[in-house]
Amino acid sequence: MPEQQSYLSQVLPHPAVTLSVEHGARRDVLQDETVVVTGVPTRRFEVNVHGEGSVFGIKFRPGGFTAMFGTPANVLRDHTVPAAGLVPHRVHQALARLEPTLQLTEWTAQVDQVLATIVPRSNLEYESLLNIIQSMLNDPTVVRIGQLEQRQGIGRRTLQRMFSHYVGVSPKWVLSRYRIHDVVTALDNGYDGLLTELAVNAGWYDQSHFIRDFSTLIGTTPSDYRNEVQARRR
């Protein structure tokens with residue numbers, strides 16, 4: 001990006017840890033570090049990006065970073081930290097040596113090659129976690145943690161411990177994010193019914209709570225978001 005230009009980068013909360021290689025202007029907290037790890041962000045935040053540089057990010061599926069490298073995800077939540085010490089030294093060095101002038105296809109191929117050298121150990125607990133997350137993601141009728149406990153045959157404390165360790169946030173937090181994503185999809189597809197009904201179907205019975213959660217994630221209220229969608233369709 002040319003030196004004189006800048007733009008506002010918005011990051012929306014998602015239950016994923018990211019490993020990235022960043023060249024150019026450094027974030028203050030990272031100094032000269034090129035390879036960094038960003039934990040799950042629990043709130044939307046904005047960064048004014050300026051100067052010249054490049055970023056290549058590897059976004060792990062929920063729990064994937066911890067399953068592969070061992071670092072508990074809860075210590076990374078809402079933080080960006082140097083990757084040194086969190087990933088194997090050979091992986092860190094290989095990523096740090098990648099040149100910012102590479103084409104995207106070359107970046108992808110070389111990063112895939114580096115990560116393919118890591119063979120995660122068999123982890124039945126993580127596989128169980130993935131099944132739970134798939135149920136959250138793919139079944140919009142799941143709106144309560146109690147439903148997951150009954151369907152998966154797992155206790156609440158065990159569920160909370162698994163999510164804290166692998167994902168870095170609570171199962172309730174992840175479930176509410178996915179259901180708000182469903183609400184956004186419905187609005188994007190032209191839903192014009194009552195917003196209260198849409199909220200109830202997604203698991204919110206308190207309208208003020210729904211509006212607050214939606215605004216925290218999306219940056220605007222549900223009604224304003226729908227107005228924006230409708231204006232774009234005209």
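## A predicted chain of helices and strands

Glu-149, once residues up to four places away in sequence are set aside, touches Ile-154, Arg-156 and Leu-159. This glutamate has its place in helix α5, and with a relative accessible area of 17% Glu-149 is buried, because buried here means under 20%. The model in which these contacts are found is a predicted one, and every value in this report is computed from that model.

### The chain as a whole

The protein chain contains 10 helices and six strands. Of its 234 residues, buried ones make up 41%, and the accessible surface of the chain comes to about 13100 Å², with 50% of that area belonging to carbon and sulfur atoms. Among the contacts in the chain with a separation of 6 or more, residues 24 or more positions apart account for 71%.

### Two packed helices

A pair of packed helices is described by the angle between the two axes and by the distance between those axes. Helix α2, which covers residues 89-96, packs against helix α3, residues 104-115, at an angle of about 170°, and the axes of the two helices are 10 Å apart. Angles over 145 degrees count as roughly antiparallel, and α2 and α3 are therefore roughly antiparallel to each other. Where the two helices meet, α2 contributes Val-91, Ala-94 and Leu-95, while α3 contributes Val-111, Val-114 and Leu-115. Sorted by class, this contact of α2 with α3 has six nonpolar residues, no polar residues and no charged residues.

### Salt bridges

A search of the whole structure finds five salt bridges, and the table gives three of them, with the distance from N to O.

| Acidic residue | Basic residue | N to O distance |
|---|---|---|
| Asp-78 | Arg-43 | 3.3 Å |
| Glu-125 | Arg-161 | 2.5 Å |
| Asp-139 | Arg-151 | 2.8 Å |

In the salt bridge between Asp-78 and Arg-43, Asp-78 lies in the loop between α1 (64-69) and β6 (80-82) and Arg-43 in the loop between β3 (35-38) and β4 (45-50), so the pair ties together parts that are 35 residues apart in sequence. Asp-78 counts as partly exposed at 32% relative accessibility, and Arg-43 is partly exposed as well, with a relative accessible area of 48%.

The side chains of Glu-125 and Arg-161 meet in another salt bridge; because Glu-125 lies in helix α4 (residues 124-138) and Arg-161 in helix α6 (residues 156-167), the pair ties together parts that are 36 residues apart in sequence. Glu-125 counts as partly exposed at 27% relative accessibility, and Arg-161 counts as partly exposed at 44%.

Arg-151 forms a salt bridge with Asp-139, and this pair links distant parts of the chain, with Arg-151 in helix α5 (residues 145-152) and Asp-139 in the loop between α4 and α5, 12 residues apart. The relative accessible area of Arg-151 is 46%, which makes this arginine partly exposed, and Asp-139 is partly exposed with a relative accessible area of 22%.

### Individual residues

Most residues other than glycine have a negative phi. The phi of Asp-78, however, is near 65°, a positive value in a residue other than glycine. This is the aspartate found in the loop between α1 and β6, where Asp-78 also takes part in the salt bridge with Arg-43.

Thr-220 lies in the loop between α9 (207-218) and α10 (222-233), and with a relative accessible area of 15% Thr-220 is buried. Leaving aside neighbours within four places in sequence, Thr-220 is in contact with Phe-214, Ser-215, Tyr-225 and Glu-228.

Asp-182 is found in helix α7, which covers residues 171-188, and this aspartate is partly exposed, with a relative accessible area of 30%. The C-alpha atoms of Asp-182 and Leu-137 are separated by 9.3 Å, although these two residues are 45 residues apart along the chain.

Terms used: Residues numbered from 1 in each chain as written. Predicted model: local features only at pLDDT ≥ 70, side-chain atom pairs only at ≥ 80, totals over all residues. Heavy atoms only, no water. Axes fitted to C-alpha atoms, helices over the stretch in contact; angles between N-to-C directions. Helix = DSSP H or I, 4+ residues; strand = E, 2+ residues; numbered from the N terminus. Parallel < 35°, antiparallel > 145°, perpendicular 65-115°, else oblique. Contact = heavy atoms within 4.5 Å. Nonpolar A, V, L, I, M, F, W, Y, C, P; charged D, E, K, R; others polar. Salt bridge = Lys/Arg side-chain N within 4 Å of Asp/Glu carboxyl O. Buried < 20%, exposed > 50% of the residue type's maximum accessible area, 1.4 Å probe, protein only. Areas by Shrake-Rupley, 256 points an atom, 1.4 Å probe, with all protein chains shown as cover.
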